[in-house]
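Let's walk through a structure together, one feature at a time. Bring your questions about cores, strands and charged pairs.

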Amino acid sequence: QFKLVESGGGLVQPGGSLRLSCLVSGFRVDDYVIGWFRQVPEKGREGVLCTSSYDGISYYEDSAKGRFTVARDNAKNMVYLQMNNLKPEDTGVYYCGVPGGKGRYYCSGNPSDYDDWGQGTQVTVSS
């Protein structure tokens, strides 16, 4: 059984930084791709980026390029989402997830491809 737990969210001023963590269990963090998604009430859950041990980072949100990056800590079985120069439109609940079946090896920005999710962590960017 896969389990993912996000942490690190909070309130930050525009231009600030946050590092979100995704602790996984039930598999090794470098075995499968890990996607990061943001959910806001009016838009639903949307892909931000995905990390693969084989293909690197795939960005699904243009505004995240140059500001967000991902790192893995295989010893701790953690994936980190580093978010810099945050903007009010980055506000939302952030989820990490793992696709299902053979999709676990391929990055996707479609939340329907993901079977396992964490509980989410709230990020609020506001002055």
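## Reading the core, a hairpin and the salt bridges

Q: Happy to start with one residue: which residues is isoleucine 34 in contact with, leaving aside its neighbours within four places in sequence?

A: Keep in mind that this is a predicted model. Beyond those neighbours, isoleucine 34 is in contact with Leu4, Val24, Phe27, Val29, Leu49, Cys50, Thr51, Arg72, Val79, Cys96, Gly97 and Val98.

Q: How do I read a nonpolar core, and which residues touch the most other members of the largest one here?

A: In soluble globular proteins, nonpolar side chains tend to be buried together. The largest nonpolar core here has 26 residues, and Ile34, Trp36, Phe68, Leu81, Met83 and Tyr94 touch the most other members.

Q: Which strands each supply at least two residues of this core?

A: They are β3 (18-25), β4 (34-40), β5 (44-52), β7 (68-73), β8 (78-83), β9 (92-99) and β11 (121-125). The largest share, four residues, comes from β3.

Q: Now the strands: how many bridges join β7 to β8, and do they run parallel or antiparallel?

A: Six bridges join β7 to β8, and the two strands run antiparallel. Across this pairing, arginine 72 stands opposite valine 79 in β8. Both arginine 72 and valine 79 also appear among the contacts of isoleucine 34.

Q: What lies between β7 and β8?

A: Four residues do, and the two strands form a hairpin. In the turn, asparagine 77 has a positive phi of about 60°.

Q: Let's turn to charge. How many salt bridges does the structure hold?

A: Side chains of opposite charge can pair when their charged atoms come close. This structure holds five salt bridges. One of them pairs arginine 67 with aspartate 90, at 2.8 Å from N to O. That pair links distant parts of the chain, 23 residues apart: arginine 67 is in the loop between β6 (56-59) and β7, and aspartate 90 is in the loop between β8 and β9.

Q: Are arginine 67 and aspartate 90 buried or exposed?

A: Arginine 67 is buried, and so is aspartate 90.

Q: What about the salt bridge between aspartate 62 and lysine 65: how far apart are the closest N and O atoms?

A: They are 3.5 Å apart. Aspartate 62 counts as exposed at 62% relative accessibility, while lysine 65 counts as partly exposed at 47%.

Q: And which residues are joined into one network by salt bridges that share partners?

A: Those are Arg28, Asp30 and Asp31. Within the network, aspartate 30 forms a salt bridge with arginine 28, with the closest N and O atoms 3.8 Å apart. Aspartate 30 is partly exposed, with a relative accessible area of 26%, and arginine 28 is exposed, at 52%.

How values were computed. Residues numbered from 1 in each chain as written. Predicted model: local features only at pLDDT ≥ 70, side-chain atom pairs only at ≥ 80, totals over all residues. Heavy atoms only, no water. Core = buried A, V, L, I, M, F, W, Y, C linked by side-chain atoms within 4.5 Å. Buried < 20%, exposed > 50% of the residue type's maximum accessible area, 1.4 Å probe, protein only. Contact = heavy atoms within 4.5 Å. Pairing = 2+ DSSP bridges. Salt bridge = Lys/Arg side-chain N within 4 Å of Asp/Glu carboxyl O.
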